[in-house]
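User: Please take a close look at a single part of this protein, starting from its surface and working inward. I would like one connected account, with each cut-off stated where it is used.

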Amino acid sequence: MNCASVGRLIRALRLERGLTQRALAEMLNLSGKAVSKWERGGSLR
């Protein structure tokens, strides 16, 4: 899987569970910007 595919999967699963990017970020102890970057296909590090 490439970064874009993973980003689409993360977004789909997040929305399926009714979570905002902020809520997911808080659950993972990350910034909302990190989740946004992932969903756009940016670096997954």
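Analyst:
**From a surface patch to a helix face**

Met1, Leu9 and Leu13 make up a nonpolar surface patch of about 320 Å²; patches are built from residues with over 30% relative accessible area and no salt bridge, with like charges joined within 9 Å and nonpolar side chains (Val, Leu, Ile, Met, Phe, Trp, Tyr) joined within 5 Å. The model is predicted, with local features needing pLDDT of at least 70 and side-chain atom pairs counted only at pLDDT 80 or more, while totals for chains, interfaces and linings use all residues. Residues are numbered from 1 along each chain as its sequence is written, and side-chain values use heavy atoms, with hydrogens and water left out.

Met1 sits in the segment before α1 (3–16), where helices (H or I, at least four residues) and strands (E, at least two) are DSSP runs numbered from the N terminus. Met1 counts as exposed because its relative accessibility is 79%, given that buried means under 20% relative accessible area, exposed over 50%, and partly exposed in between (1.4 Å probe, protein chains only). The areas come from the Shrake-Rupley method with a 1.4 Å probe, and for residues only the protein chains shown count as cover.

The helix that follows this segment, α1, has 14 residues that should span 20 Å at 1.5 Å a residue, and its end C-alpha atoms are 20 Å apart, which agrees; the expected span is 1.5 Å times one less than the number of residues. Val6, Gly7 and Arg14 are the buried residues of α1. Seen down the axis, these buried residues fall within an arc of 105°, so they line one face of α1, the arc being that of the directions from the helix axis to the C-beta atoms. On the other side of α1, Arg8 and Glu16 are exposed. The cover over the buried residues of α1 includes α2 and α3, where contact means heavy atoms within 4.5 Å.

Arg14 leads from α1 to a partner further along the chain: Glu39 forms a salt bridge with Arg14, and their closest N and O atoms are 2.6 Å apart. The pair links distant parts of the chain, with Glu39 in helix α3 (residues 32–39) and Arg14 in helix α1, 25 residues apart. Both Glu39 and Arg14 are buried; Glu39 counts as such because its relative accessibility is 13%. Leaving aside residues up to four places away in sequence, Glu39 touches Gly7, Ile10, Arg11, Arg14 and Gln21.

A salt bridge here is a side-chain nitrogen of Lys or Arg within 4 Å of a carboxyl oxygen of Asp or Glu, and by this rule the count comes to 2. In the other one, the side chains of Glu16 and Arg17 meet at 3.6 Å, N to O. Glu16 has a relative accessible area of 62% and is therefore exposed, and Arg17, with 54%, is exposed as well.

Seen from α3, the buried residues are Val35, Ser36, Trp38 and Glu39. They cover an arc of only 160° around the axis, which puts them on the same side of α3, and they pack against α1 and α2 (21–28). Lys33 also has its place in helix α3, but it counts as exposed because its relative accessibility is 71%. The C-alpha atoms of Lys33 and Gln21 are separated by 8.4 Å, although the two residues are 12 residues apart along the chain.

Two backbone angles lie outside these helices. Asn29, in the loop between α2 and α3, has a phi near 60°, a positive value in a residue other than glycine, and with a relative accessible area of 71% it is exposed. Gly41, just after α3, takes a positive phi of about 90°.

The setting for this part is a protein of 3 helices and 0 strands, its elements running α-α-α from the N terminus on. Its C-alpha atoms fill a box of roughly 25 × 20 × 10 Å along the principal axes. Buried residues make up 22% of the 45 residues, and the accessible surface comes to about 3500 Å², of which 54% belongs to carbon and sulfur atoms. Among contacts between residues at least 6 apart in sequence, 39% join residues at least 24 apart.
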